[in-house]
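Q: Please take a close look at one part of this structure and describe its surroundings in a connected account. Backbone geometry that stands out elsewhere should be covered as well.

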There are 2 protein chains.
Amino acid sequence: MSRPRVEVCFTPNLYPLHIEDEYEIVVAIDVLRATSAICAAFEHGVSKIIPVSTLDEAIEYRDNGYIVAAERKGQIVSGFDLGNSPYSYMDPKYKGKTIVLTTTNGTRAINTAKHVNDLIIGSLVNLDAVCKYLSDLNKSVLLLGSGWKNKFCLEDTICAGAIAENLLKTGNFHSENDSSIAAKYLYLSASENYFGFLKASSHRRRLRDLNLNEDIKYCLTPNQTNVVPIREKNYLIKA
Amino acid sequence: MSRPRVEVCFTPNLYPLHIEDEYEIVVAIDVLRATSAICAAFEHGVSKIIPVSTLDEAIEYRDNGYIVAAERKGQIVSGFDLGNSPYSYMDPKYKGKTIVLTTTNGTRAINTAKHVNDLIIGSLVNLDAVCKYLSDLNKSVLLLGSGWKNKFCLEDTICAGAIAENLLKTGNFHSENDSSIAAKYLYLSASENYFGFLKASSHRRRLRDLNLNEDIKYCLTPNQTNVVPIREKNYLIKA
């Protein structure tokens, strides 16, 4: 039996180039900050997250009484309860609740991979848990970065490279694409010191300028939770 | 006065995401093998190369008596004089001649950057000459990889990273995009040993399977020529 593939797709706009290879599971990655915030939410007891791509959808949910988080350009959209900061999801008042979420890049990545059966949420904060989940599953996997408005971003690629490298070194997976090789090398260069390596990353600069240093620190610290959020129908729950 | 930018665009399909930044010059890169073959051609006396994107255009030129090179999937298209092998362009019979060229990826990259005024051809074989040319010019530059059917490829990215790193370390350029940081890191990881680093690259495997090891060796050996091919109207000449 041939070993399943693990490959990296840098950004949602490149997803159509990859789907012909028919992956069984997609991991949506938006390290700064959507998928880190989603992990934080489930770790702190949120029961369900509904990811939506547009503000129109978000507004409709809000008008129907939902708790709605909306982030654009790094900031909470005016008129919404929450943005994209992981810390905001740790509030006990959200325990057991359903939250609707739309972000600049992350929810777009999640909803891009609509026609694949299985989708999970990956980030550095749940890195080892995701690797164990995928390794146990032993299915072909596409690691899908969110990027910044479809431009390549370093932190998602490094997270994807970390997952790829972990699966490859079990000997039970293989990869063929140059994007996967590059992600793996970037991860190996970065793994000693994420903060130092990502100092120059454009999105980190963007968030730092918005005084989001605490968020950055949380998002770039691996393995703070064992939750693996998975998609069921149109929402996310804890696996 | 602000320093000009140097950035990396991995593949032609991503070019629209970059053009809003209004670069003054584009470097088209297809290490394996189109831009390496173009450099070899000018180094050996070819006087003009007309890059065309489609086989239809190539056939029309052929019917009008031109020497036409056409490559698809790594091989010469049946019925054409030449393919994409740098060695084939070294034949003295092409001295002083005009050659029309269409390739799977390289000529597409060249023609993607249609509306920028200045375009030059870069590869590892003319690396230092390209760096010197760009450094003297001191204009904002986009390094455009060809990829493989719009998928990211390692060798073009490493070549772009080498050019970026050379310009950045003069202190006269700056870069902002994560793609440029990644290319630079990949170059720094690879620069000790291109052959070893690229052993696993998908396109190298593809060419090796076609028995093109000599071509690979030529294309991955830096600085074999000082020519810098530049675009004038719809053709390329030696600068």
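A: The account below begins with strand 8 of chain A and then turns to peptide bonds and phi values.

The model is predicted, so local features require pLDDT of at least 70 and side-chain atom pairs count only at pLDDT 80 or more, whereas totals for chains, interfaces and linings use all residues. Residues are numbered from 1 along each chain as its sequence is written, chains are lettered from A and ligands numbered from 1 in the order in which they are written, and side-chain values use heavy atoms, with hydrogens and water left out.

Strand 8 of chain A spans residues 141–145 and is mostly covered, with five of its five residues buried. Here, buried means under 20% relative accessible area, exposed over 50%, and partly exposed in between, for a 1.4 Å probe and protein chains only. Strands (E, at least two residues) and helices (H or I, at least four residues) are DSSP runs, numbered from the N terminus. In a regular strand the side chains alternate between the two faces of the sheet. In strand 8 of chain A both faces are covered: A:V141, A:L143 and A:G145 are buried on one side, and A:L142 and A:L144 are buried on the other.

Strand 8 of chain A pairs in the parallel sense with strand 1 (residues 6–9) of chain A over four bridges; two strands pair if DSSP finds at least two bridges between them. In this pairing, A:L142 is the bridge partner of A:E7. Strand 2 (residues 25–29) of chain A also pairs with strand 8 of chain A in the parallel sense, over five bridges, and A:V27 stands opposite A:L143.

The loop between strand 2 and helix 2 (34–43) of chain A contains A:R33. A cis peptide bond, with omega about 10 degrees, joins A:L32 and A:R33. In chain B, the peptide bond from B:L32 to B:R33 is cis, with omega near 5 degrees, and B:R33 is placed in the loop between strand 2 (25–29) and helix 2 (34–43).

Beyond strand 8, the loop that runs between it and helix 6 (154–168) of chain A holds A:N150. Phi of A:N150 is near 75 degrees, a positive value in a residue other than glycine. A:N150 counts as buried because its relative accessibility is 13%.

A:N223, in the loop between helix 10 (213–219) and strand 9 (229–232) of chain A, has a positive phi near 60 degrees and is a residue other than glycine. With 36% relative accessibility, A:N223 counts as partly exposed.
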